[in-house]
Amino acid sequence: MEYWKDENEPIKMFVKLFEEGFKDADLSGGLKKVNQLIWFDYTQDGPNCSFWVDCRGGDLKTGPGKPADAPDLTMSLSADDAHRSWSNKLNPVMAITRKKIRVKGSATGLLKLAPKLKKVAELYVKVLKDEGKEGIILK
Amino acid sequence: MKANTGKIIDVDLSAGTVKVEQLPEEYYTKYIGGSGLAAKLFWERGNFDADALSPEAMLLFMNGPFAGLKLSGASRHSTAGRSPLTGGWGDSSCGGFLAPELRYAGYDGFILTGKAAQPSLLLIEDDKIEILDASEYWGQGATQVTESLKKRFGKAYRTLVIGPAGENLVRYSIILNEGHHATGRAGFGAVMGSKNLKAIVVKASKKKMELVDPERFEELRKELNPKIREALASDVLHENGTAANLIGGMYAGDVPIRNWTSNFWEEAADALTGSTLTETYLTKRGACAYCNIACKRIVEVKEGPWAIPEGPGPEYETIVSFGTLIGSIDLAATCKAGRLCNDLGIDTISTGGTIAWAMEAFEKGDLTKDDTDGVELNWGDLETVIDVILPKIAAREGKLGELLANGSVAASKKIGKGADYTVHAKGLEAPMHDPRGGGHGMALTYAVEARGACHVADPMLFAEMGARYYPEIGFEYELEPRTDENKAEAAVDMVAFGAIENSACFCQFADAEVTIPEWVELFNIVPGYEWDAEEMMRAGRRVFYLKRMINYRFGRTADDDKLTKRMLEPATDGEPEGVEINFEGMKQRFYELMKIDPEKAIPVKEVLVEYDMADEAGAVW
Ligand code: SF4
């Protein structure tokens, strides 16, 4: 991994990113519309390298690992590409076309989030700073 | 010959004669099929001096080599000839169900010339080909005629029908298959109307096709169909239709608003996007023959001023044309307007584009009530659009109907104002993708494609999104939409690839999942073209070149490879705000890479020779 020293580090950042995102009215509103259980699967970088976001039923939750329920949508990629993606430096369509991201399940809800990616990236920078990871912020 | 039958029907409507002909195999291996084959036949036989609506004009309907295969997206057909809207080359791809039926009946296509003495229909039943009287249907809407034909001949008979607009020679009239699938662009409904041909009906008695390697095709088909269906884009298209990503397009600045005066309308994103249509008016999904993506919408608006019974629903282009483009975010109204356009037989893109232009002209005072029979043309007034303007256009009724029935370019010429805010290339109103936001490469391809501003003549739109990647031919660009970087280079491959798609009559949504080796294998195991990737790309490039040469013989030059002022002025809001398009730079580079003469806008002679087009070169050099 280029940006992370172990498999737990990215998951800590990403879970924190979503916890912060839930507090933002605009982002949480968008996530609620997605209404799916999503598993972000980075297990190619380690068996514990994954986390989930549950947007079902108007309630927002997140946590490390694989979700207890079967996910509606699984996005599999590397933890480094996930870092680029949350930094809004990875074109998701291009990454899917080039098989850098593999998607299983219905991704129609995610389209609603596409316009919010810029805002997610701003929040992500803040999380990285708060957690002492300024060094990996992508310009 | 395998897959292709090699046979076409030549119909002279003036003489009332029908002739079946065998084409040389070389026409296919050089020009593929579909719009490429149509271009070759037009080149050989077309009358370059004939007006598009004269009896001498030639109208061609051609299949691709994959028509009739149970392969998702592979059974579209192409209609081509001189466009009555633009005066130049036109071709238009149509989904639906005609192509397989025609192939099973034993034909790769048919050519129409002449003019029938009275309203007629062409009936093709295997070897039996007849021109029948159709006076009883003249004047009727496309929906009613389709229903009547199905009642008369049987449900399994496939239909192509024009509406009243085609009869009245509205220059952007469509031809409707099965009352749902449109040959939308370039105005070929008017060409049928000018020939007194109301409908074409096709039925085959068997469903048999011969392929070069049926066993290998069956194996490949079993790999391709699930791959196509399971792709993310297919899933999204199935679920929410072609407007699924309207929301993303809005934030990118790709969705035109009020005649391309704005690139951002936040409220419209949610109001018009595909998932909203799914949640509100969708009752079923529909598909073209053998396509498992099923991106078509069946809708019902139960109540309100725009109530419509269950039937064909709007695609992205219609939703934007009758939505943001004319200042509305009323989704139900777009359903109603789309349905009405189908029935009257007019292209939703050119209709919306022409009305949007007229609304701006009215706002600016370039058009007044004196020009519009007293009708006020105000942004967002869908009631007037649906109740008054659309019927007037289709009937060419009054000053307003007559003015708008010839399209925005002719209308601006007629009033001598408003050319700066027309939105077109070569006279074809632009589709609902604004290159200022959607991608600068699309500005280039809008300008250089033979038929004019078109988003499906080639896959540049998808390439700029990041959804095209063909490492086998060196297409590995990481394109940034709102710059000119690598756009001319990418366009070189994309225009050739677009020519392949439109000649093979393969749907861009489905074929996005097909890799270059799979494309080549399909051409080799189905019709047996014996190509490698290079030869396949050469065929695409050849088709692109030939269409440009046809345009040259119509009098087109490099001056016609351009966009209007409105399309190139920097956006005033949204994501592309203030960004300039380096249009001339991209065009010049594209010409250099394609070895296109900077004045004549056709390939230089040496290139034509290199592409086995020495004979064709003789007509232009
Ligand atoms: S993807 Fe849609 S338009 Fe294309 S062939 Fe399938 S149903 Fe027809």
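**Ligand shell, interface and chains**

Author: Of the residues in the shell around the ligand, 7 are nonpolar, 1 is polar and 2 are charged. The model is predicted: local features need pLDDT of at least 70, side-chain atom pairs count only at pLDDT 80 or more, and totals for chains, interfaces and linings use all residues. Residues are numbered from 1 along each chain as its sequence is written, chains are lettered from A and ligands numbered from 1 in the order in which they are written, and side-chain values use heavy atoms, with hydrogens and water left out.

Reader: What makes a residue part of the shell around the ligand, and which residues surround the ligand?

Author: A residue belongs if one of its heavy atoms lies within 4 Å of the ligand. The residues that surround the ligand are B:Gly73, B:Arg76, B:Ala287, B:Cys288, B:Cys291, B:Ile293, B:Cys295, B:Lys296, B:Cys507 and B:Phe509. Cys, Ala, Ile and Phe count as nonpolar, Lys and Arg as charged, and Gly as polar.

Reader: Why is the pair A:Lys118 and B:Glu575 called a salt bridge?

Author: The term requires a side-chain nitrogen of Lys or Arg within 4 Å of a carboxyl oxygen of Asp or Glu. For A:Lys118 and B:Glu575 the N to O distance is 3.1 Å, and the pair therefore meets the rule. Across the interface of chain B and chain A, 3 salt bridges are found, and the whole structure holds 60 over all chains.

Reader: Which residues and how much area make up the contact between chain B and chain A?

Author: With contact taken as heavy atoms within 4.5 Å, chain B contributes 22 residues and chain A contributes 16 residues. The buried area (accessible area lost to a 1.4 Å probe on being put together, summed over both parts) is about 1,600 Å², with 60% given by carbon and sulfur atoms. On the side of chain B, B:Leu232, B:Gly466 and B:Tyr469 lose the most area to chain A, together 28% of what that side buries.

Reader: What makes A:Glu20 and A:Lys23 neighbours along a helix?

Author: Both lie in helix H1 (residues 8-23) of chain A, and because they are 3 residues apart, about one helical turn separates them. Their side chains meet in a salt bridge with an N to O distance of 3.1 Å.

Reader: How do you know how compact chain A is?

Author: Chain A has 5 helices and 5 strands (DSSP runs, H or I of at least four residues and E of at least two, numbered from the N terminus). Its radius of gyration, taken over C-alpha atoms, is 14 Å, close to the 14 Å that the globule rule (2.2 Å times the number of residues to the power 0.38) gives for 139 residues, so chain A is as compact as a globular protein of that length. The C-alpha atoms of chain A fill a box of roughly 35 × 30 × 30 Å along the principal axes.

Reader: What does the globule rule say of chain B?

Author: Chain B has 28 helices and 17 strands. The radius of gyration of chain B is 22 Å, close to the 25 Å given for 621 residues, so chain B is as compact as a globular protein of that length.

Definitions and conventions:
Buried area = accessible area lost by both parts, 1.4 Å probe.
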